[in-house]
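Biologist: Please take me through the surroundings of the ligand. Then follow the elements involved outwards into the rest of the fold.

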Amino acid sequence: MKSTMKEKYLLADETISKQNIDELIAWLKTGPWLTQGALVREFERRWGEWLPVKHSVFVNSGSSANLLMYDSVRLSGKIKNKKVIVPAVCWPTSVAPAIQLGFEPIVCDADPDTLALDPEELERLLRQTGAAAVVMVHILGVPANLDAILKLKKKFGFILMEDSCAATGSEYDSRRVGTFGDISTFSFFYGHHLSTIEGGMVCTVDDELHDILLQIRSHGWAKDLPPDTEAGQANAHHAMEFNRPFTFYYPGYNVRSADLNARIGLSQLAGVDTVIRRRIENHAIYQSRFQDAGFDCQKNPKASICSIAFAGLAKNSAHRDRIAVALRDKHIETRPIGVGNLVRQPFWPKTGGRVEGKVADRVYETGFQLPNHPKLSPDDIHYICDTVLEVE
Ligand SMILES: Cc1ncc(COP(=O)(O)O)c(C=O)c1O
């Protein structure tokens, strides 16, 4: 077994560098505007060029991005019913807005390879329920089976919401995830591919959804809209000139971020391609070691996988417990895969929206995460693989 000198192998480590902090301090010393302003718009523009996508709306977390994603779809009137198919394997705030906003969620089991929506089950549920919307989550950064899901979108005409919060930089068929759905989200929390301390982005090519997002992000007012669009709103609603900036068109939130966070985001964006390369290389080592050993793990042959962590599936819960002990002894952090199976979480409603989730149950009972971040070298990854693969 290779021996490396790390004291701890964390699942997530700091990505904001000393240089990023120096840039931030230099900027702060100029006495800049700190709340949402020109730098937020600049960060949105640069992110949109990088992804690429037409519209990006910066918010204070990936969870807030998901909340706005659901609510903009709901408010747009683009859906003919409130049935939404959600994945059994996900993060809680990938699906919590469905409950909070009065959707009727229907849970879809996971595909055993990607751990995202199982296309066969999705088709069955679409036929059965006529759901107008589908939420797709790229689990830990591994792209879903997009060919099959996009085929179903063509056939059934649902609105596709794409939670890419853990998948910045992953590609499917040489195209970045977060550009496949009608609307998509990203997280910039600590330890993600790119961090603004807390932060998130909602992205879309749809002008109408974008207009709604800009309004519900800030109290429901229209001040952040392009001037012509704001004028259209004011005219349509006969807003008095004096009251116009404080006319509220939607029941909104305040989930803005700030120029301070955008300043960090701009520095982080400048280095994101290096971070992505390291994560892709680390993930590929994990995958080939696990597959060579016949150990079940997440995969998608059509994808370039820039994961946030690597997911393995032990033979059974007892095997996972033994792996967890071996990892703990070597100071290697681990944890479950998201919610495991959504319907086994106490927050999920006990009635309705429950399915037999065979794969999701396997994820809940045997799934575990292993560290992948840019501070881990190929030798570190081999060391972690050796630790897990030696466990009987
Ligand atoms: C798939 C997914 N969705 C949403 C979120 C929430 O993002 P945030 O922590 O920025 O609220 C996460 C967090 O990691 C996530 O993995």
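Modeller: The shell around the ligand divides into 5 nonpolar, 8 polar and 1 charged residues. Here Ala, Val, Leu, Ile, Met, Phe, Trp, Tyr, Cys and Pro count as nonpolar, Asp, Glu, Lys and Arg as charged, and the others, Gly among them, as polar. The model is predicted: local features need pLDDT of at least 70, side-chain atom pairs count only at pLDDT 80 or more, and totals for chains, interfaces and linings use all residues. Residues are numbered from 1 along each chain as its sequence is written.

In total, 14 residues surround the ligand (C-beta atom, placed from the backbone, within 6 Å of it). The closest are Gly62, Ser63, Trp91, Cys165 and Ser187. Two elements give two or more residues to this shell: helix 3 (62-76) and helix 4 (92-100). Helices (H or I, at least four residues) and strands (E, at least two) are DSSP runs, numbered from the N terminus. Helix 3 gives the most, with 3 residues.

Follow helix 3 first. Helix 3 packs on helix 7 (residues 207-217) at an angle of about 120°, with the axes 9 Å apart. Axes are lines fitted to C-alpha atoms, for helices over the stretch in contact, and angles run from 0 to 180 degrees between N-to-C directions. The pair is therefore oblique; angles under 35 degrees count as roughly parallel, over 145 as roughly antiparallel, 65 to 115 as roughly perpendicular and the rest as oblique. On the helix 3 side, the contact uses Leu68, Asp71, Ser72, Leu75 and Ser76. Helix 7 brings Glu208, Leu209, Ile212, Leu213, Ile216 and Arg217. Two residues are in contact if their C-beta atoms, placed from the backbone, lie within 7 Å. By class, this contact has 6 nonpolar, 2 polar and 3 charged residues.

Now helix 4. The protein is divided into domain 1 (18-264) and domain 2 (273-389), with bounds from an automatic or database domain assignment. Their centres, taken over C-alpha atoms, are 26 Å apart. Across the boundary, 33 residues of domain 1 are in contact with 34 residues of domain 2. Helix 4 appears again here: with strand 3 (104-108) and strand 6 (171-172), helix 4 is among the elements giving two or more residues to the side of domain 1 that touches domain 2. That side divides into 19 nonpolar, 9 polar and 5 charged residues.
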